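User: I'd like to learn how to read a fold from its strands and side chains. Could you walk me through one?

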Amino acid sequence: VALRRGHDALSHGDYSVVASDNDQDTLAFVRRSEKEKLLVVLNRGAKEASLGLNFPHRKAQPIFTTKGEVADVKAEDSGNALDLTLPPLTGVVLSFE
């Protein structure tokens, strides 16, 4: 609840799916408001998941994770894609421009 209250995009933002992968059991979506843009990525699987997300994502930085530390989430900009590696059964929220 505190996370949602602290981020306008989670309370009042638009929602759009970026990617869904049934094999890895992952889902990624963007929440956008006039004040901010957030990417939410869920790994619902029992194994580590690697995703390559093709969408505008300048300066993507993890700001919250449901399990472990934000540093456990690997996020790398590979040009047109944002490459993410998430531990099993973990959700992460990233801010981006």
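**Reading the sheets and cores**

Analyst: Happy to. One open sheet has three strands in the order 4-7-6, paired antiparallel. Its edges are strand 4 (49-54) and strand 6 (74-77), each of which pairs on one side only. From one strand to the next, the twist averages 15 degrees. Strands here are DSSP runs of E with at least two residues, numbered from the N terminus, and two strands pair if DSSP finds at least two bridges between them. Angles come from axes, lines fitted to C-alpha atoms, and run from 0 to 180 degrees between N-to-C directions.

A word on the source: this is a predicted model, where local features need pLDDT of at least 70 and side-chain atom pairs count only at pLDDT 80 or more, while totals for chains, interfaces and linings use all residues. Residues are numbered from 1 along each chain as its sequence is written, and side-chain values use heavy atoms, with hydrogens and water left out.

User: How many bridges join strand 6 to strand 7?

Analyst: Four, and strand 7 covers residues 81-86 and runs antiparallel to strand 6. To see the register, look at E76, whose bridge partner in strand 7 is D83.

User: What is the strand order in the sheet of five strands?

Analyst: That open sheet reads 1-2-3-8-5, with antiparallel pairing. Strand 1 and strand 5 (61-65) are the edge strands, each pairing on one side only. Ignoring direction, neighbouring strands of this sheet are turned by 25 degrees against each other on average. Seven bridges join strand 1 (residues 14-21) to strand 2 (residues 26-32). Within that antiparallel pair, D14 has R32 as its bridge partner, and S20 stands opposite L27.

User: What connects strand 1 and strand 2?

Analyst: They form a hairpin with four residues between them. D25 lies in that loop, and its phi is near 60 degrees, a positive value in a residue other than glycine. Another such case is L89, with phi near 50 degrees, in the loop between strand 7 and strand 8 (90-95).

User: Is L89 buried or exposed?

Analyst: The cut-offs for relative accessible area are under 20% for buried and over 50% for exposed, with partly exposed in between (1.4 Å probe, protein chains only). L89 has 52%, so it is exposed. D25 has 31% and is therefore partly exposed.

User: Which aromatic rings pair up?

Analyst: Rings of Phe, Tyr and Trp (its six-membered ring) pair if their centres lie within 6.5 Å; planes under 30 degrees apart are stacked, over 60 edge-to-face, and the rest tilted. A search of the whole structure finds one aromatic pair. The centres of Y15 and F29 are 4.9 Å apart and their planes meet at 45 degrees, so this pair is tilted. Y15 sits in strand 1 and F29 in strand 2, 14 residues apart. Y15 is partly exposed at 48%, whereas F29 counts as buried at 13%.

User: Which residues have the most contacts inside the largest nonpolar core?

Analyst: In soluble globular proteins, nonpolar side chains tend to be buried together. A nonpolar core is a set of buried Ala, Val, Leu, Ile, Met, Phe, Trp, Tyr and Cys residues joined through side-chain atoms within 4.5 Å. The largest one here has 16 residues, and L39, V41, L53, F55, L84 and L94 have the most contacts inside it. Strand 2, strand 3 (37-43), strand 4, strand 7 and strand 8 each supply at least two of its residues. Apart from this core lies another of seven residues, among them L10, L27, L38 and V93.
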